[in-house]
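User: I would like a close look at one part of this model, taken slowly and with the cut-offs spelled out. Please put the answer in one connected account.

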Amino acid sequence: MRKLVYYVGSSLDGYIAGPGGEWDFYPVGSDLSEYMNTRFPEVVPAHVREAIGLEADPVRYDAVVMGRGTYEPALAAGIASPYSPLRQHVVSTTLDAPDHPDVEVYSGDPLDLVRRLKEEAGADIYLAGGGTLAAALLPEIDEMIVKLYPVVAGDGIRMFDGDFRPTSFTLTGSRTFDNGTTVLNYDRT
């Protein structure tokens, strides 16, 4: 069965972005970029891959689930399919569907969407966030890949923004990079 994988960057205090969606305060070194681009090129937005000459062939995922807040910046920049060639599912009750065959706007229960996707044949499913969607999908998250940046944000968008629901994961791997960022791999216990 396909797995739902929450691949996310976080500050030491658990924020995936600043209060206004800022993420440019995270330090990204060349060794971290090379490692992640080699292992997960499909999670790099299509316009960025094109600019840096990164091949778009999916390595691990063939679908992405994201919230409106994750999708809207691309749409505002005129990019209807930010994670091409993945099938893209945007969970939103307020967003109109863009005119693109690879993008579906889903207004129902995100748990139903993910359970349906897991039953289909295919590769794993990338959960791109944000924190409210991640909290809603916590019962279906099978694995987490957390880029833990050596910075405290103080405020912003939480990695999980929902009800109190302790859920155990087991650390399955870690790697630290030159700038102090650590990539942590977790599987659901």
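User: Which backbone oxygen lies 2.9 Å from a polar atom of the side chain of Arg-2? Please describe the surroundings of Arg-2 as well, going on to the sheet and the helices.

Analyst: The model is a predicted one, in which local features need pLDDT of at least 70 and side-chain atom pairs count only at pLDDT 80 or more, whereas totals for chains, interfaces and linings use all residues. Residues are numbered from 1 along each chain as its sequence is written, and side-chain values use heavy atoms, with hydrogens and water left out.

The backbone oxygen is that of Leu-117, which lies 2.9 Å from a polar atom of the Arg-2 side chain. Arg-2 itself is found in the segment before β1, where strands (E, at least two residues) and helices (H or I, at least four) are DSSP runs numbered from the N terminus. Arg-2 is buried, with a relative accessible area of 4%; buried means under 20% relative accessible area, exposed over 50%, and partly exposed in between, with a 1.4 Å probe and protein chains only. The side chain of Arg-2 also joins that of Asp-62 in a polar contact of 2.4 Å, a polar contact being a pair of N or O atoms within 3.5 Å, of which, within protein, one must be able to donate a hydrogen and the other to accept it, while residues adjacent in sequence count only if both atoms are side-chain atoms. Not counting residues up to four places away in sequence, Arg-2 touches a set of residues including Asp-62, Ala-63, Leu-117, Lys-118 and Asp-124, contact meaning heavy atoms within 4.5 Å.

Asp-124 lies in strand β6 (residues 124-129) and is buried, with a relative accessible area of 13%. Its side chain makes a polar contact of 3.0 Å with the side chain of Arg-60, and a polar atom of the Asp-124 side chain lies 2.9 Å from the backbone nitrogen of Lys-3. Leaving aside neighbours within four places in sequence, the contacts of Asp-124 include Arg-2, Lys-3, Arg-60 and Asp-62.

Strand β6 belongs to an open sheet of eight strands, in the order β5-β4-β3-β6-β1-β7-β10-β9 and with mixed pairing; two strands pair if DSSP finds at least two bridges between them. The edge strands, each pairing on one side only, are β5 (103-106) and β9 (169-176), and the twist averages 20° from one strand to the next. Within this sheet, β3 (residues 61-67) and β4 (residues 87-91) pair in the parallel sense over five bridges, with Val-65 standing opposite His-89 in β4.

Helix α3 (residues 68-76) lies across β3, β4, β5 and β6 and runs at about 100° to β3; axes are lines fitted to C-alpha atoms, for helices over the stretch in contact, and angles run from 0 to 180 degrees between N-to-C directions. Helix α4 (residues 110-119) packs on the sheet, touching β1 (4-10), β3, β4, β5, β6 and β7 (141-148), and its direction makes about 140° with that of β5. In α4, the buried residues are Pro-110, Leu-111, Leu-113, Val-114, Leu-117 and Lys-118. They cover an arc of only 160° around the axis, which puts them on the same side of α4, the arc being that of the directions from the helix axis to the C-beta atoms. At the start of α4, a side-chain oxygen of Asp-109 reaches to within 2.9 Å of the backbone nitrogen of Leu-111.
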